[in-house]
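Reader: Could you take me through one part of this chain closely, and then show me what lies around it? I would enjoy a connected account rather than a list.

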Amino acid sequence: MDCPNGLKLALSKKNNLYKDSSFSSKNLGALAPQTVTVIDARTGGWYKIKSFAGDAWINPTSSPDLPTSYQNIDLRKPSKISAQRINEYIKKNRPNSLLIGQGNLFLEAQSKYGVNADYLVAHAMLESSWGTSPLARTKNNLYGQNAVDWNPNAAYRFNSLKECIMYQAYSVRKYWLEPTGNRYNGPTLIGMNKTYAADKQWASKIAGLMNEFYKFNADDYR
């Protein structure tokens, strides 16, 4: 049978082949879609193709370059969440939160600094007990900025929640998400976790919160 249109598109985008029976990844080079013929198929989206490169098994529906959870998305890519969804979710779970009605601020920070709004919301939830902590209420400090263990009183005071959120987005982008940043280990939660937090579960905690109010979909981050 000829190569289906969807498979042609996937091949032209991904150019990844899976050569042996265990389907271990091996890149054999680009395939022109018109040279490909499907000669067998298996469950799970696997196709056996014949081409100038020889017979090979491929799975264009499980692209290896796509993230598998919020822990390894590129945090420089925007979220599709709405301000309304942010506000509704926080109000439902913490009706006394300072974050209620502030959804637009996270989206504004995402637009201005290119930092994922889901992350900004989830991190604020984690660090400020959903916008109810003393630091949040007395200093507008949602992320514990400069609240070092040996001197919590050194925590920064912000004039507004907006100023705090914008500062967080700016500093995270500059120091953790940019290759030129002095704390860069990849633009993901896993990369940030290496220098941002001593808690080794920090990335998974943030990712878990992100997943609660906007369910993870790898296609959103192609």
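Reader: Please look closely at helix H4: how many of its residues are buried, and which elements cover them?

Author: Happy to; here is helix H4, followed by its surroundings.

A word on the basis comes before the details. This is a predicted model, in which local features need pLDDT of at least 70 and side-chain atom pairs count only at pLDDT 80 or more, while totals for chains, interfaces and linings use all residues. Residues are numbered from 1 along each chain as its sequence is written, and side-chain values use heavy atoms, with hydrogens and water left out.

To set the scene, the chain has eight helices and five strands. Helices (H or I, at least four residues) and strands (E, at least two) are DSSP runs, numbered from the N terminus. Read from that terminus, the order of elements is α-β-β-β-β-β-α-α-α-α-α-α-α. Of the 222 residues, 41% count as buried, where buried means under 20% relative accessible area, exposed over 50%, and partly exposed in between (1.4 Å probe, protein chains only).

Now to H4 itself, which takes in residues 117–128. Its 12 residues should span 16 Å at 1.5 Å a residue, and the end C-alpha atoms are indeed 16 Å apart; the expected span is 1.5 Å times one less than the number of residues. The helix is mostly covered, with 10 of its 12 residues buried. Those buried residues are Ala 117, Asp 118, Tyr 119, Leu 120, Val 121, Ala 122, His 123, Ala 124, Met 125 and Ser 128. Their cover includes helix H2 (83–93), helix H3 (103–113), H5, H6, helix H7 (189–196) and helix H8 (202–213).

Both ends of H4 deserve a glance. At its start, a side-chain oxygen of Asn 116 comes to within 2.9 Å of the backbone nitrogen of Asp 118. This is a polar contact, meaning a pair of N or O atoms within 3.5 Å; within protein, one must be able to donate a hydrogen and the other to accept it, and residues adjacent in sequence count only if both atoms are side-chain atoms. After the helix comes Ser 129, with a positive phi near 50 degrees. Most residues other than glycine have a negative phi.

A little further on, Thr 132 sits in the loop between H4 and H5. With 24% relative accessibility, Thr 132 counts as partly exposed. Beyond its neighbours within four places in sequence, Thr 132 is in contact (heavy atoms within 4.5 Å) with Asn 96, Ser 97 and Arg 137. Arg 94 is 38 residues from Thr 132 in sequence, yet their C-alpha atoms are 8.5 Å apart in space. For the chain as a whole, 51% of contacts between residues at least 6 apart in sequence join residues at least 24 apart.

Next comes the loop between helix H5 (134–139) and helix H6 (161–177), where Asn 140 lies. Asn 140 has a positive phi of about 55 degrees although it is not a glycine. Asn 146 is found in that loop too, and its phi is also positive, near 65 degrees. At 34% relative accessibility, Asn 146 counts as partly exposed.

Two of the helices that cover H4, H3 and H6, bring us to the salt bridges. A salt bridge is a side-chain nitrogen of Lys or Arg within 4 Å of a carboxyl oxygen of Asp or Glu, and the whole structure holds five. In one of them, the side chains of Glu 108 and Lys 162 meet at 3.2 Å, N to O. That pair links distant parts of the chain, with Glu 108 in helix H3 and Lys 162 in helix H6, 54 residues apart. Glu 108 is partly exposed at 31% relative accessibility, and Lys 162 is partly exposed at 37%. Another salt bridge joins Arg 173 to Glu 178, with the closest N and O atoms 2.5 Å apart. Relative accessible area is 22% for Arg 173, which is partly exposed, and Glu 178 is partly exposed with 22%.

Helix H6 is also the place of Tyr 170, a partly exposed residue at 35% relative accessibility.
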